[in-house]
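Visitor: I would like a close look at a single part of this chain. Please show me how that part sits among its surroundings.

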Amino acid sequence: NAGQQQRRGLAGGGGRGQQGHSPTAAAAAGGQRGPAAAAAAYRGRSVKVVIATEGLVLTEGGKKLAPGAKEALASLASKKADLYLVTEVSSDADVAAAEAAMGEVTIKAGDGGGGQGEEGGGFVQAHKLLFVEKRSSKVSIARQIEPHIYLDADDVTCQELRRFLPRVTHLKSNATIPELVL
């Protein structure tokens, strides 16, 4: 019956890729539609956010945490964002350098996430630090994760992902990660 289909998200376009635009989401948002409805529907729930780290989280070729990155990630984590950081690398040495640079924002194994949001604690689970060798791999990973929000300083990657993801934001390199309405 229609009531059962709506509860399962089958009626009214509530299927895959339609998050925030179903009648259920619009009702949760007080009758709003579009991005406002999506933001209201996500409020209080975990929102998947994928951030390509080059120029936004990491600088100097992935060797240093960008100014303001720790605070921005802490802010997103405090709003229940499920963070994934994708870094383009060309060698194992680059992976090690990026992991070392992101050490302050990473929840270490054994923390159990308990340190999240506390002073000195991390904000990103270690297994969600993802490394790729090619730009096209960022597109593949983002499509597999299906984030609610994707942030990148690379316009080509953003253009490719706009066909597949609901909210793709291109930021200038060295920009601070903006406050997002979650």
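**Helix 6 and its surroundings**

Guide: Start at the end of the helix. Right after helix 6 comes Glu146, and its phi is positive, near 55 degrees. Keep in mind that this is a predicted model. Glu146 is a residue other than glycine, yet its phi has that positive value. It sits in the loop between helix 6 and strand 8. Is Glu146 buried, partly exposed or exposed? With a relative accessible area of 32%, Glu146 is partly exposed, because the partly exposed class runs between 20% and 50%.

Now step back into the helix. Helix 6 covers residues 135-145. Which of its residues are buried? They are Lys138, Val139, Ala142 and Ile145. Look down the axis of helix 6. The buried residues fall within an arc of 135 degrees, so they line one face of the helix. A general rule helps here. An α-helix has 3.6 residues a turn, so residues three or four places apart point the same way.

What does that buried set pack against? Its partners include strand 1, strand 4 (81-88) and strand 7 (129-132). Strand 8 (149-152) and helix 7 (155-161) are partners too.

Follow two of these partners. Strand 1 spans residues 47-52 and holds Ile51. Ile51 has a relative accessible area of 0%, so it is buried. Among the residues that Ile51 touches are Leu56, Leu73, Leu85, Leu151 and Ile177. Take Leu85 from that list. Ile51 and Leu85 are 34 residues apart in sequence, but their C-alpha atoms are 5.0 Å apart in space.

Strand 4 is the next partner, and Asp82 is found there. Its relative accessibility is 18%, so Asp82 counts as buried. The cut-off for buried is under 20%. Leaving out residues up to four places away in sequence, Asp82 touches Ser46, Val47, Lys48, Val49 and Lys128.

One more residue goes beside Glu146. Glu60 also has a positive phi, near 55 degrees, in a residue other than glycine. It lies in the loop between strand 2 (58-59) and strand 3 (64-65). Glu60 is exposed, with a relative accessible area of 56%.

Finally, the whole chain. It has 7 helices and 9 strands. Buried residues make up 41% of its 182 residues. Count the contacts with a separation of 6 or more: residues 24 or more positions apart account for 54% of them.

Note on methods:
Residues are numbered from 1 along each chain as its sequence is written. This is a predicted model: local features need pLDDT of at least 70, side-chain atom pairs count only at pLDDT 80 or more; totals for chains, interfaces and linings use all residues. Side-chain values use heavy atoms; hydrogens and water are left out. Helices (H or I, at least four residues) and strands (E, at least two) are DSSP runs, numbered from the N terminus. Buried means under 20% relative accessible area, exposed over 50%, partly exposed in between (1.4 Å probe, protein chains only). Contact means heavy atoms within 4.5 Å. The arc is that of the directions from the helix axis to the C-beta atoms.
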